[in-house]
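Here's a quick briefing to read alongside the model. Have the viewer open and click through the residues as they come up.

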Amino acid sequence: MKKVTLKLAGMTCPSCMTKIQTAVSQQKGVQDVKVLFNAEKVKTTIDEGIISAEQISQVVSQLGYSVEKITVKEA
């Protein structure tokens with residue numbers, strides 16, 4: 001398991017937070033999704049055998065948000 005943090009740009013309202021959290025949490029291999037509105041970050045734990053940090057980034061990008069940085073650490 002890996003801990004993934006995405007630094008975003010473009011989150012303008014609390015409904016953005018809900019939209020991102022819902023989309024990311026529906027992906028297979030994703031656990032514990034937290035979207036931090038004020039910090040513009042998404043924190044999650046993933047199973048890299050099922051999904052990658054880059055795939056999570058693509059999900060967020062498809063919603064219209066810019067991913068500025070991806071950080072991956074051992075869980």
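**Helix 2 and its residues**

Let's start with Ser57, which sits in helix 2, the stretch covering residues 53-62. Bear in mind throughout that this is a predicted model. Ser57 has a relative accessible area of 11%, so it counts as buried. Gln62 belongs to helix 2 too, but with 68% relative accessibility it falls in the exposed class.

- Leaving out residues up to four places away in sequence, Ser57 touches Leu6, Val67 and Ile70.
- For Gln62, a C-alpha distance worth looking up is the one to Ala23: 10.0 Å, with the two positions 39 residues apart along the chain.

**Overall fold**

- The protein chain has two helices and four strands.
- Reading from the N terminus, the order of elements is β-α-β-β-α-β.
- The radius of gyration comes out at 11 Å, close to the 11 Å that the globule rule gives for 75 residues, so the chain is as compact as a globular protein of that length.
- If you want a box for the C-alpha atoms, roughly 30 × 20 × 20 Å along the principal axes will do.
- Take the contacts in the chain with a separation of 6 or more: 65% of them come from residues 24 or more positions apart.

**Surface and charge**

- Buried residues make up 33% of the 75 in the protein chain.
- About 4,400 Å² of the chain is exposed, and carbon and sulfur atoms supply 46% of that area.
- There are 10 positive and 7 negative charges, and the mean positions of the two sets are 5 Å apart.

**Helix 1: Val24**

- Val24 is in helix 1, which spans residues 14-25.
- Is Val24 buried or exposed? Its relative accessible area is 0%, so Val24 is buried.
- Once neighbours within four places in sequence are set aside, Val24 is in contact with Val30, Val33, Ile56, Val59 and Val60.
- Val24 can also be paired with Gln55, 31 residues away along the chain; their C-alpha atoms are 9.8 Å apart.

**Strands 2 and 3: Thr45 and Asp32**

- Thr45 lies in strand 3, made up of residues 41-46, while Asp32 is in strand 2, residues 30-36.
- The C-alpha atoms of Thr45 and Asp32 are separated by 5.9 Å, although the two positions lie 13 residues apart in chain numbering.
- Which residues does Thr45 touch, not counting those up to four places away in sequence? The list is Met1, Lys2, Lys3, Gly29, Val30, Gln31, Asp32 and Ala75.
- Thr45 is buried, because its relative accessible area is 12% and the cut-off for buried is under 20%.
- Asp32, on the other hand, counts as exposed, at 57% relative accessibility.

**Positive phi angles**

- Asp32 is worth a second look for its backbone: phi is near 50 degrees, a positive value in a residue other than glycine.
- Glu40 also has a positive phi, near 55 degrees, and is likewise not a glycine.
- Where is Glu40? Glu40 is in the loop between strand 2 and strand 3.

**Cysteines**

- How many disulfides does the structure hold? The count is zero.
- Cys13 is in no disulfide, and the nearest cysteine sulfur to it, that of Cys16, is 3.4 Å away.
- Cys16 is likewise in no disulfide, with the sulfur of Cys13 as the nearest cysteine sulfur, at 3.4 Å.
- A disulfide calls for sulfur atoms within 2.5 Å, so the 3.4 Å between Cys13 and Cys16 doesn't qualify.
- As for accessibility, Cys13 counts as partly exposed at 25%, whereas Cys16 is buried, with a relative accessible area of 7%.

Key:
Residues numbered from 1 in each chain as written. Predicted model: local features only at pLDDT ≥ 70, side-chain atom pairs only at ≥ 80, totals over all residues. Heavy atoms only, no water. Buried < 20%, exposed > 50% of the residue type's maximum accessible area, 1.4 Å probe, protein only. Rg over C-alpha atoms; globule rule 2.2 N^0.38 Å. Contact = heavy atoms within 4.5 Å. Areas by Shrake-Rupley, 256 points an atom, 1.4 Å probe, with all protein chains shown as cover. Lys, Arg positive; Asp, Glu negative; His and termini not counted. Charge placed at Lys NZ, Arg CZ, Asp CG, Glu CD.
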